[in-house]
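Visitor: I'd like a close look at one part of this protein, with the aromatic side chains as the way in. Could you walk me through it once it's up on the screen?

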Amino acid sequence: KKPEYLKSFFNSLNKKLWPKEKTIWTILTLPSVNFFIHIFNLPDLEEERFNEAIVFNTQMVAPLSLEESYFDWEDWGVANRNGEKEVFVALGVKKQIDPYLEILKESGFNVVAVEPLAVSLARFNNEFVEKEEPVLIIDLRPEGIEFVIAEGKKVVYFDFDSWEEIFGKGIPKQITFDILKKHISCEIPVLLNFYSLKRKKI
């Protein structure tokens, strides 16, 4: 909301940590609400047709055009016994991301990747907590609650619920453990049901 404060912070950080002029390689992590992710299966086509199929399928489901977004994808390998490949696609909203890129560039930071917080959380969990089993990550923040389902480093689902979405205009002054427990206990069965239906390996 106040880009001048953010720019001042990064300028100060640059001077404190890297007093000498040098390239600072940076991965920019932003709230997941700035991104759209989707997973689908495709036949094992030759490379050009495979790439075209990814773009086509993404355009069919994406809530914004590719021109308005930063778009990338990953081939997650064979998805089922039919030999189809599982493809993960991610789109970031340009108008939401560009102001951060501009500030970082002006402050001497070279952004090599931009990713949703959900991906960062999954990678951290895979590195330091759980590598083998699927996990449900619950991230509590001043703005609300984020739910992330991950398989290793792979994010298969995320959802962010702001306090306003949860409580409407009647956001309590103090959000107690019991209030959180009530909301989370309602969300978890829905998430587990989604996972059991969507992630069956056929």
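Does Trp25 count as buried or exposed, and what relative accessibility puts it there?

Guide: Keep in mind that this is a predicted model. Trp25 counts as exposed, because its relative accessibility is 60% and the cut-off for exposed is over 50%. You'll find Trp25 in strand β1, which covers residues 24-30. On the surface, Trp25 has nonpolar company: together with Ile27 and Val112 it forms a patch with about 350 Å² of accessible area.

From there, let's go on to the other aromatics. A search of the whole structure turns up 7 aromatic pairs. One of them is Phe9 with Phe10, an edge-to-face pair with 5.3 Å from centre to centre and 65 degrees between the planes. Phe9 is partly exposed, at a relative accessible area of 47%, whereas Phe10, at 16%, counts as buried. Trp76 and Phe88 give you a stacked pair, because their planes are at 10 degrees, with the ring centres 5.0 Å apart. Trp76 sits in strand β3 (residues 69-78) and Phe88 in strand β4 (residues 85-93), so this pair ties together parts that are 12 residues apart in sequence. Both rings belong to buried residues: Trp76 has a relative accessible area of 11%, and Phe88 has 9%. Back at Phe9 and Phe10, ring pairs also bring in Phe109, and these three make a cluster.

Some rings have a charge over them, too. Lys85 lies over the face of Phe50, 5.6 Å from the ring centre. Over at Tyr70, the charged end of Lys94 sits above the ring, at 5.4 Å from its centre.

Now for the inside, as a counterpoint to that surface patch. In soluble globular proteins, nonpolar side chains tend to be buried together. Here the largest nonpolar core has 21 residues, and the ones touching the most other members are Ile37, Ile145, Val148, Val155 and Phe158. Several elements each supply at least two residues of this core: β4, α4 (117-128), β6 (135-141), β7 (144-151), β8 (154-162) and α6 (177-198). The largest share comes from β7, with 5 residues.

So, to come back to your starting point: Trp25 is exposed at 60% relative accessibility, and it shares a nonpolar surface patch with Ile27 and Val112.

Key
Residues are numbered from 1 along each chain as its sequence is written. This is a predicted model: local features need pLDDT of at least 70, side-chain atom pairs count only at pLDDT 80 or more; totals for chains, interfaces and linings use all residues. Side-chain values use heavy atoms; hydrogens and water are left out. Patches are made of residues with over 30% relative accessible area and no salt bridge: like charges are joined within 9 Å, nonpolar side chains (Val, Leu, Ile, Met, Phe, Trp, Tyr) within 5 Å. Accessible areas come from the Shrake-Rupley method with a 1.4 Å probe; for residues, only the protein chains shown count as cover. A salt bridge is a side-chain nitrogen of Lys or Arg within 4 Å of a carboxyl oxygen of Asp or Glu. Helices (H or I, at least four residues) and strands (E, at least two) are DSSP runs, numbered from the N terminus. Buried means under 20% relative accessible area, exposed over 50%, partly exposed in between (1.4 Å probe, protein chains only). Rings of Phe, Tyr and Trp (its six-membered ring) pair if their centres lie within 6.5 Å; planes under 30 degrees apart count as stacked, over 60 as edge-to-face and the rest as tilted. A charge sits over a ring if NZ of Lys or CZ of Arg is within 6 Å of the ring centre and within 35 degrees of the ring normal. A nonpolar core is a set of buried Ala, Val, Leu, Ile, Met, Phe, Trp, Tyr and Cys residues joined through side-chain atoms within 4.5 Å.
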